[in-house]
Each structure stands twice: as structure tokens, then as C-alpha cells.
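Let's look at a structure together and ask, for each term, what earns it that name. Have the view open as you read.

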Amino acid sequence: MSKVVDVDIALSILDHQLVDADGKNCGKVDDLEITGLEGDAPEVVEILVGGSAWRSRALFGRLAASLSGDAVHVPWHEVDSVTSVVRLRRPASELRLDRGDDRWARIIGKVPGS
Amino acid sequence: MSLRKVLAVALGILSAIGGFVDIGDLVFNTQAGATVGFQLLWVVVIGVLGITVYSEMCGRVSAVAKRPVFDLVRERTGFGAGLATLVASEVVNLMTCAAEVGGVAITLQLLAGLPYRVLIPLGVLGLVLCAWVLPFEWLERTFGYLGLCLLVFAVAAIKLHPDWGQVAHGFVPGSHHGGSLLVYLYFAVGLLGAAMTPYEVYFYSSGAVEDGWGPKDLGLNKVTAILGYTLGGFLSFSLMIVAAVVFLPQGITPELLGTPPLVAADVLGQVGLLLALVGILFAVGGAAIETSFSGAYNLAQFFGWRWGKKERHAGAPRFTLAWLVMFALAMVIVMTGVDPVKLTEYSVIFSVVALPLTYLPILLIANDRAYMGGHVNGKFANVLGVVYLVIILVIAVAAIPLMILTNGGQG
């Protein structure tokens, strides 16, 4: 998507599902990094996913954030399209969005019939 | 519609009937029947209509938006409210799952005669193996069809020749006479809670997405929700009638899960007993699987993980891990020796408290054109939806005070 985005549209994707280039779920839009809020040309720079990204989200979020690691930062230019989900241009692994599922996939994958 | 399609729909409805009853219905319907007779039959009707209305909405949201309800709960209500809903629903899911696991162990004990504590892990192992190996449809159908053995209670109810005039009178709302009003109200709240348990709608909507429902399945959704739950309601009536005829005159409160099957044995002999036990085993076992999956669906959908039973287990690893952990925790809870019937009562009453958190977002989403386009709620669904929301709010406030005041329905 173009680099200059309407901040209102960007804010409306908060809490939406992220889907990677392979069509796999890879987290939610937990927070957004916006620059130039004081000026007249605010711009969305990054999507923040997981961990510390919850810190800004309500009381519960602070608690959840303190129990988990750092957020993953996804630059806005990696966003392919915004519909009811936010589709990314690359597979989750290239954006480091697969850490949770891939780690557990190695363990679960060892069980017969998985 | 082709014959093949009619058959498929009929089979789906049958499994919905068999899957309707869980340990909450078993406990509250028999206890209510044993305590206040036929007087609360009308509440079952209200409960069944409520779950029908909201399941239909959930199924419609899944078919149109192609996304399950919990996925949209966070999107629609935000992180804070979504997380609060998640925590509440997970607590209720876990308590319910533990109660169902306890029910499985008790039923196995009655069938096999082995010690209860040995049968808890064995029962959980059996359920986990079924959930691991069987594909989604097989899982739903196997437990649904075998749960239909519970129809033995309908046969027993007829064979007991209840006073049908009095039974009919029980369908008249508000017909309270004799006994404590608070106890009557406590059981009314419990029956509504047991019929409208949150995990059922979460499971139904995720199942619809897993089955790949689209707008063409909206008719199927309506028929399955209406017929499956309505006919399932007849199982609830049967349990209550049986308890009212057999237990009430003798002053027996069925504190044990093994008491209702004895009635089937009394009326229909060994075969009746066996059918009743097999029916309870699969109805409760199926519900244990549904609650554990419901827990995993909600967690995965809140955090945006890969999820689904249709995926290979390693393809949705955190989802798989989540339902395994649900089973493990449920097993630990039951192994502490807590009485499964008491646990059921608590889980149903707490689920009533959490009901508004489940049903309000569903109503909001089903009315949101951004998700639903032309398939938003019609007037009929909205009037019923709002009426039920009011009922839910009232019983959510009343549930815990009533439980304390009546000492769990014992007066």
C-alpha cells in the first residue's frame, strides 16, 4: 500500500486479523506506530504485533504485556491490502511473525498423527 | 433439494439433538424436576428459544463474514473488553470442561466398575485420542448419534404415565405454587444457563467456519439451529418429567449423576440402563470435547493464531496445544476430588454471570452492515435478540445471590 496513508483508515484496522502471503493467520494488529502526529501530515509507519504492543491497550493489556516479550514491528510497506483482514506481502516467517506457531509446530509435529 | 442433501441435513440435525444435552442440562433438569415437579418446563422452552436465536445469528455471521464470532468480538469491542470477555469465557469453558470430564468418569465407573480416580485420566485419554484422530465431522457425528441413546428418557417419560394435564400446566409461564419461591427462581436461572451455555455458540460459529459455510448455507443454518435445538429441548423435557414423576414424590434429590439412569432401569430394565449410560457418556464426552475446543478457538481467535481442527495438528500448533491444555487442567481439577455435580452447578451459575459478555457482541455484530451487508438481523431476530439480552442481564445479576440464598437450590 502507498506510504502515505489516511490515519483514520489505519486506526480502523486496530485489532484486525493479519494474514500472510500464504494465507496463514499471523497475529492481530495490536498497535500502530504513527509519526508526525503534532504536524499536519501524520503517517503510519509500522504495525506492532504481540508482547509489548499490548502495553498501550487498557489495564488488562499492561498486565498481558508485562508477561510477554517484545512486539514484532511490521513496516507499513509490507501491507498488501486492507479488507476485513490485513493481508501482508510476504510469508510470516520473513517478517518474524511466525515465532510462536513455528516453535510449537516443531514440538507438536513430533507426535504421531499430527 | 436432492434426497442426498435432505439426508445430509437430517443427519446434521440428528447430531445436533444428540449434542444438545450436556452435564449442565442433566443436573439442572433432573434436580428441577425432583424439586418443583413440572412447574419449570416453560423455562426450558425459553432457554431453547434463546440458544436457537443466538446460534442462528452466530451461524449467519460465520456464513456471511466467513469468520467466527470470537474473531470479531475483539475487532468490534476493542482490546480491553475483548480480553475481559476472553478471560470470563475461558474460566467458564474450563469449569464446564472439568464438570463434563467428571461426568464421563462417573458414567464410566457405572459402566465398568473401576475406581473413579483411575477412570478420570483414562476418560480424558480416550477423549483426547478421539479428538486427535477423528476428523471434525466424524467427531461431531459419533458423539451426536450415540448421545441420541438419551431418547431412552423420552420413552421412560411416556411409560411412566405422568399426569399430562399437569405436564401441560408446567408449560404455562410463571405457574409457581407450593415451596420456596427463591428455590423456584434459582432453578429457573440454572435451567436458562444450562440451555444457553456460551461454549455452544462459540463452538457452533467456529464449526460453521470450519465447515466452510457461505451465504448459500444460510437456509441450512436456520434449519439446523431451529430443529436441532428444539428437538434437543425434548430431551430436557423428558429428563425433567422423569425426575418429577419418580423423585419428587419420594423426596429424592438426585445429588449423584448415577441416579437418573436408575429410572431408565426401573422402567425399561437392563437395556434401558445401558442405553441411558451410553447416552450420558457420549453426550457428556462430546460436550467435554466441545468445551476444550471452544477454549482453544477463543484463545487462538483473540490472538490471531492459526486455528482449526481441519488443519493438521502441527499446522495450528498453539490451537492444538490450547485444547490439550484445557483437557489437562480439567483433569487436574476433577482429580482434586471436587464433586462433579457441585462443579456443574457452579459452572452453570458462573456461565450465567458471563452470558451478557457472550451475547451482546453477537447481537452487535449481527447488526453491523460492515460485516453482514444485506444479511443483518431482521426485525424478528432483533426483537428476540433484545428481549433475550434483557433476560440475560436480569439473570446474570440474580444468579449468584440466588445460589447463596437458596444454598444451591436446597432451600
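Q: What makes one helix of chain B the lowest in mean pLDDT among its elements, and which element is the highest?
A: In this predicted model, pLDDT is the predictor's confidence in each residue, from 0 to 100. Helix α1 (residues 3-18) of chain B has the lowest mean pLDDT among the elements of the chain, 76, and helix α13 (residues 317-335) of chain B has the highest, 97. Where pLDDT is low, the predicted coordinates should not be read in detail.

Q: What are the mean pLDDT of chain B and the scores of the model?
A: Chain B has a mean pLDDT of 92, and 100% of its residues reach 70 or more. The model scores ipTM 0.90 and pTM 0.93.

Q: How are residues and chains labelled, and which residues count?
A: Residues are numbered from 1 along each chain as its sequence is written, while chains are lettered from A and ligands numbered from 1 in the order in which they are written. As this is a predicted model, local features need pLDDT of at least 70 and side-chain atom pairs count only at pLDDT 80 or more, but totals for chains, interfaces and linings use all residues.

Q: What makes a stretch of chain A a helix or a strand, and how many of each are there?
A: Helices are DSSP runs of H or I with at least four residues, and strands are runs of E with at least two, numbered from the N terminus. By that rule chain A has 3 helices and 7 strands, in the sequence pattern α-β-β-β-β-α-β-β-β-α.

Q: Why are β3(A) and β4(A) called paired?
A: Two strands pair if DSSP finds at least two bridges between them. β3(A) and β4(A) have 5 bridges, in the antiparallel sense, so they pair. A:Thr35 stands opposite A:Glu43 in β4(A).

Q: How do you know that β4(A) and β5(A) pair too?
A: They are joined antiparallel over 4 bridges, with A:Leu48 opposite A:His73 in β5(A). Together the strands form an open sheet in the order β3-β4-β5 of chain A.

Q: What makes β3 and β5 of chain A edge strands?
A: Each of them, β3 (31-35) and β5 (72-75), pairs on one side only.

Q: Why is B:Val61 said to touch B:Val69?
A: Two residues are in contact if their C-beta atoms, placed from the backbone, lie within 7 Å. B:Val61 meets that rule with B:Val69, and also with residues including B:Leu72, B:Ile365 and B:Tyr371.

Q: What makes a group of residues a nonpolar core?
A: Its members are buried Ala, Val, Leu, Ile, Met, Phe, Trp, Tyr and Cys residues joined through C-beta atoms within 7 Å. Buried means that 20 or more other C-beta atoms lie within 10 Å of a residue's own (12 or fewer is exposed, in between is partly exposed). The largest core has 143 residues, and B:Val61 and B:Phe153 are among those touching the most other members. Helix α12 (residues 259-303) of chain B gives the most to this core, with 22 residues. Apart from it lies another core of 24 residues, among them A:Ile13 and A:Leu18.

Q: How many residues of chain A count as buried?
A: Of its 114 residues, 34% do.

Q: How many residues make the contact between the chains?
A: Chain A brings 22 residues and chain B brings 22. On the side of chain A, α3(A) gives the most, with 5 residues.

Note on methods:
Lists of a residue's contacts leave out its neighbours within four places in sequence.
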